[in-house]
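Here are some exercises to work through with the model open beside you. Try each task before you read its solution.

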Amino acid sequence: MGLYGVMTTSVSGMAAQADRMGTVADNIANVNTTGYKRASTEFSTLVPEARIVEYTPGSVQTQVRRGITEQGGLSYTKSTTDLAINGNGFFMVRGADGSPYLTRAGSFVPNSAGELVNAGGYKLLGYNLASGDLSSIVNSTAGLEIVGTANLGLKATPSTAASLQLNLPSNAAVALPANLPSANASTATFEGKTSLVAYDNLGNEVILDLYTAKSATGTWEVSAYNRADAGPSGSFPYSSGPLTTTTLNFDSTTGQLTSSSATSQTVAIPNGGSLVIDFTKSTQLAAAYIVQSATVNGNPPAKVTSLEISKSGIVTAVYENGSRVAAFKIPLANVASPNNLTVFSGNVFGPNSDSGDLQIGIAGTASLGNIVSGALERPTVDLATELTTMVEAQRSYTANSKVFQTGSELLDVLVNLKR
């Protein structure tokens, strides 16, 4: 079987080099594919049963390997939803079939539904933080949802905290009890009026009118009214009494609030929450009524304008009014032997018995890398190396074909011996 064995061996050599050329073609074709991992062909011998009398040629077999653990360089972009991993780990994504996959291809953009989808059509998965911070389930994809802006929509935040720093004139006259703002009389007298805009649960503006009047030496009354209840003149008398009244006591020596004085005022916002107004830094000095600073939190309905993603995977929704809300947490996944992952179309991978079970964690912890926002991982393909490999494969294929041709010619000579 000598000549037939020679021809069979050379055919296996040509087939092996054809496989090698296939991986080279794949690598060159994906030289611009984000997160692509270079494929290579490994060779091993197939030896037939050993014979003492005559030599029996064997053949060669191939195995394609991918350098999945090889880190590609980072290419920076202007999109915050372009993501790369600096270190170990993979993004969890969901395909059209609903199955979860692993990938390093982080070119995510929002689709028409606001979901983050990469160039392969796979949707990014993460934990929804709407119910608070969620810990990842180490060995399961349970709890993962598609990351996007679809459920963020318009957002209104009710006002809950405010700060008002006033200077109340120490030489002001004491108002008569019947004329204090809290009495809500048309004859009400006061040293100063400050209006603040707060927001209810629906994001409606609620204007609060705060009146200050001196009720005794070193003692001031602060009454808060709802502007919507104001009289025709825009002031007293209001159709309803004050929402709340607070007394501030000042030290006549320092002009600061005394230790026994109230330092804040709690106002119940109609159809809203309880707004706590902090007066801690207010003073009573020999100067005019002055508003030194005033702040109120909360915001009217606003839409999401952008997403910010931290290196630990926290996705923050940025609204048009400047407010920020933590919306999702993107985990990273890994397996014991990433180079043995099953490769699927779309530059995604799946675990199997050779790669080991899926392990999910938070970026930057354990052996997982960090997430880099505004960057993409370049493919691990080097064109010079691939072109060199291509020439080597071509030469080896030609040499094997020569062996086959020689064996075929010798077989012709053997067949023609009888003629």
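**Exercise 1. Which residues is Leu124 in contact with, leaving aside its neighbours within four places in sequence?**

Before you start, note that this is a predicted model, in which local features need pLDDT of at least 70 and side-chain atom pairs count only at pLDDT 80 or more, while totals for chains, interfaces and linings use all residues. Residues are numbered from 1 along each chain as its sequence is written, and side-chain values use heavy atoms, with hydrogens and water left out.

Step 1. Use the cut-off for contact, which is heavy atoms within 4.5 Å.

Step 2. Around Leu124 you should find Leu83, Phe91, Met92, Val93, Phe108, Leu116, Glu145, Ile146, Val147 and Ile330.

Step 3. Now place Leu124 in its surroundings. A nonpolar core is a set of buried Ala, Val, Leu, Ile, Met, Phe, Trp, Tyr and Cys residues joined through side-chain atoms within 4.5 Å. Buried means under 20% relative accessible area, exposed over 50%, and partly exposed in between, using a 1.4 Å probe and protein chains only. The largest such core has 25 residues, and Leu124 is among those with the most contacts inside it, along with Leu83, Phe91, Ile330 and Ile371.

**Exercise 2. Find which elements give two or more residues to this core.**

Step 1. Strands here are DSSP runs (E, at least two residues), numbered from the N terminus.

Step 2. The contributors are strand 4 (83-86), strand 5 (90-94), strand 22 (304-309), strand 23 (314-319) and strand 24 (324-329). Strand 23 supplies the largest share, three residues.

Step 3. Please keep this core apart from a second, separate one of 22 residues, which includes Ala162, Leu164, Leu168 and Leu210.

Step 4. Look at how strand 22 and strand 23 meet: they pair in the antiparallel sense over five bridges. Two strands pair if DSSP finds at least two bridges between them. Leu307 has Ala317 in strand 23 as its bridge partner. The hairpin of these two strands has four residues between them, and its Gly313 takes a positive phi near 95°.

**Exercise 3. Work out the strand order of the open sheet of four strands, then locate Ser223.**

Step 1. The order is 13-14-15-16, with antiparallel pairing.

Step 2. Strand 13 (192-199) and strand 16 (244-249) are the edge strands, as each pairs on one side only.

Step 3. Strand 14 (residues 205-216) is joined to strand 15 by eight bridges, and Ala213 stands opposite Glu221 in strand 15.

Step 4. Ser223 sits in strand 15 (residues 219-226). Ser223 counts as buried because its relative accessibility is 0%.

Step 5. The side chain of Ser223 makes a polar contact with the side chain of Thr245 at 3.1 Å. Such a contact is a pair of N or O atoms within 3.5 Å; within protein, one must be able to donate a hydrogen and the other to accept it, and residues adjacent in sequence count only if both atoms are side-chain atoms.

**Exercise 4. Describe the aromatic pairs that Phe236 forms with Phe190 and Tyr238.**

Step 1. Rings of Phe, Tyr and Trp (its six-membered ring) pair if their centres lie within 6.5 Å; planes under 30 degrees apart count as stacked, over 60 as edge-to-face and the rest as tilted. This rule gives twelve aromatic pairs.

Step 2. Phe190 and Phe236 are 6.2 Å apart centre to centre, with 50° between the planes, a tilted pair. They lie 46 residues apart, with Phe190 in the loop between strand 12 (161-169) and strand 13, and Phe236 in the loop between strand 15 and strand 16.

Step 3. Phe190 is partly exposed because its relative accessibility is 34%, whereas Phe236 is buried at 9%.

Step 4. Phe236 and Tyr238 form an edge-to-face pair, 5.4 Å centre to centre with 80° between the planes. Tyr238 counts as buried at 4% relative accessibility.

Step 5. Ring pairs link Phe190, Tyr211, Tyr225, Phe236 and Tyr238 into a cluster.

Step 6. Finish with the backbone: a cis peptide bond joins Phe236 and Pro237, with omega about -10°.
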